[in-house]
Every structure is written in structure tokens, then in C-alpha cells.
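Here are a few short exercises to work through with the model open beside you. Try each task before reading its solution.

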Amino acid sequence: MKLFFASIFAVAVFSGCATGSHVLTGTAHPAISPASVKVYSVAPMNSEAIAILNATANNLKINSCVEKLKKEAASIGANGIVITASEAHYFQGARVSGTAF
């Protein structure tokens, strides 16, 4: 029985599942492909903020969080994101926040 629970725990920890969420701050647009969403260091001129994005992962992979942010942004029609915060902790996993426009 201990082996069963240890196996489930290992799968949950090492699977790298990323979850994401968004809070609309502007007007959403028709959804686009996540591949079309670009990551910027600074928002382009005349861009309009659409949402605040958050993503977490069970592992230390920041990239999986960024990919989740791109999917969240694409679902509300944003074509770009700016990463505003990122962190990775051994026991807490990775977290990334950003703004979609």
C-alpha cells in the first residue's frame, strides 16, 4: 500500500502539470493559436492590456508556465505577453505572472 501512494505522489510531483488562470482587465477578442502569442520584455507601443495572467507548475520548469501563459493569452485573443514575475522553489514548484495584450 505504501508503494501505491508513493507511486501516485511521484507521478503528481514529476508530471509537470501546469495550471493557468487569467483576470480580464480589458476587452477579450476572438481566440487565436498559442503559437501566435509572442513574449515581450516590454509591451509594444499603443498596446492595450487585456488580462493579468498566472501559471504554476508542479516542477521547476518555468518554460511550462510560460507555455501555459501563452495558451491563456491565446484563449482571450491576446497576441502578446509580458512576464512580470517568475520564481521557482524546490518544494513549491514554478510560478509565472504576466500581462496579456
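**Exercise 1: After the helix**

Task: Find the residue that follows α2 and give the sign of its phi.

Solution: In this predicted model, α2 is followed by Gly77. The phi of Gly77 is positive, near 80 degrees.

**Exercise 2: The length of α2**

Task: Check whether the span of α2 agrees with its number of residues.

Solution: Start with the limits of helix α2, residues 62-75. The expected span is 1.5 Å times one less than the number of residues. For the 14 residues of α2, that rise of 1.5 Å a residue should give 20 Å. Now compare the end C-alpha atoms, which are 20 Å apart, so the two values agree.

**Exercise 3: The sheet**

Task: Work out the strand order and name the edge strands.

Solution: Five strands form an open sheet, ordered β1-β3-β5-β4-β2, with mixed pairing. The edges are β1 (18-24) and β2 (38-40), each pairing on one side only. From one strand to the next, the twist averages 30 degrees. Then look at β1 and β3 (residues 51-57), which pair in the antiparallel sense over seven bridges. Here Thr19 stands opposite Thr56 in β3.

**Exercise 4: Helix on sheet**

Task: Describe how α2 lies on the strands and which of its residues are buried.

Solution: First, α2 lies across β1, β2, β3, β4 (80-89) and β5 (93-100). Its direction is at about 35 degrees to β5. Next, list the buried residues of α2: Cys65, Val66, Leu69, Lys70, Glu72, Ala73 and Ala74. Finally, find their partners: these buried residues pack against β1, β2, β3, β4 and β5.

How values were computed
Residues are numbered from 1 along each chain as its sequence is written. This is a predicted model: local features need pLDDT of at least 70, side-chain atom pairs count only at pLDDT 80 or more; totals for chains, interfaces and linings use all residues. Side-chain values use heavy atoms; hydrogens and water are left out. Two strands pair if DSSP finds at least two bridges between them. Helices (H or I, at least four residues) and strands (E, at least two) are DSSP runs, numbered from the N terminus. Axes are lines fitted to C-alpha atoms, for helices over the stretch in contact, and angles run from 0 to 180 degrees between N-to-C directions. Contact means heavy atoms within 4.5 Å. Buried means under 20% relative accessible area, exposed over 50%, partly exposed in between (1.4 Å probe, protein chains only).
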